[in-house]
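Student: I've got this model open and I'd like to talk through its rings and one of its helices. Can we take it piece by piece?

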Amino acid sequence: MNRSNLFSLAPTREQHHVLEEFAVNCAKLWNEVNYLHCQQYENYLRLDWNPQVYKKYVPRVGSATAQQVTRKNNETWRAFLALKRMEKNGKPSSTIRRVKPPGYWKRDGRYMLRILFRCDSYHIREGHLDLPRHLSIPFKGELKWTGKQGRLEVAWDTLSKKW
């Protein structure tokens, strides 16, 4: 596992609505890409790692975010296929009982709100997180790690009602 910083965002009401809209579109993109991969897998077709759905969501979330959502979906499908190969070759994992395809970002009729930002599309400075669409959101918490930035994942926690 890579080193990661964990902190909570404190957006204003307007910023919260922008993040929520962003996250819903990311979830819709994930679900469409995942549906295409499921259909290809179930019909014994070769998986298309560059789905054309990507272009549909570029105006909604931006090309960098659409790229990251697609990449993360591809990573989960590659991991799933690797586990299926291990299962087929008789090398079961001691911790995994049943190998299932990646799921959708929807639970109980609501989208799971997550946004993925590419390393060059956000900046962290003096207690603020600068995101696309001119969002500068204050955050709480300390950064444990410095250096080269990786992919940023912003997720809504339904229990604490915080980003």
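**Rings and a helix face**

Tutor: Sure, and keep in mind that this is a predicted model. Let's start with Tyr-41, which has a relative accessibility of 29%. Buried would need under 20% and exposed over 50%, so Tyr-41 counts as partly exposed.

Student: And Trp-77, is that buried or exposed?

Tutor: Its relative accessible area is 0%. The cut-off for buried is under 20%, so Trp-77 is buried.

Student: How many aromatic pairs are there, and is the pair of Tyr-41 and Trp-77 stacked, edge-to-face or tilted?

Tutor: The count comes to seven aromatic pairs. For Tyr-41 and Trp-77, the ring centres are 5.9 Å apart and the planes sit at 55°. Stacked needs under 30 degrees and edge-to-face over 60, so this pair is tilted.

Student: Which parts of the chain does that pair link?

Tutor: The two residues are 36 apart, so to speak, along the chain. Tyr-41 belongs to helix 1 (residues 13-42) and Trp-77 to helix 3 (residues 63-88).

Student: Which ring does the charged end of Arg-78 sit over?

Tutor: Look 4.1 Å from the charged end of Arg-78 and you hit the ring centre. The ring belongs to Trp-49.

Student: In helix 2, why do the buried residues line one face?

Tutor: The buried ones include Val-53, Tyr-57 and Val-61. Residues three or four places apart point the same way, because an α-helix has 3.6 residues a turn. Down the axis of helix 2, the buried residues therefore line one face, within an arc of 40°.

Student: What do they pack against?

Tutor: Lys-55 and Pro-59 are exposed on the other side of helix 2. The buried residues of helix 2 pack against helix 1 and helix 3.

How values were computed: Residues are numbered from 1 along each chain as its sequence is written. This is a predicted model: local features need pLDDT of at least 70, side-chain atom pairs count only at pLDDT 80 or more; totals for chains, interfaces and linings use all residues. Side-chain values use heavy atoms; hydrogens and water are left out. Rings of Phe, Tyr and Trp (its six-membered ring) pair if their centres lie within 6.5 Å; planes under 30 degrees apart count as stacked, over 60 as edge-to-face and the rest as tilted. Helices (H or I, at least four residues) and strands (E, at least two) are DSSP runs, numbered from the N terminus. Buried means under 20% relative accessible area, exposed over 50%, partly exposed in between (1.4 Å probe, protein chains only). A charge sits over a ring if NZ of Lys or CZ of Arg is within 6 Å of the ring centre and within 35 degrees of the ring normal. The arc is that of the directions from the helix axis to the C-beta atoms. Contact means heavy atoms within 4.5 Å.
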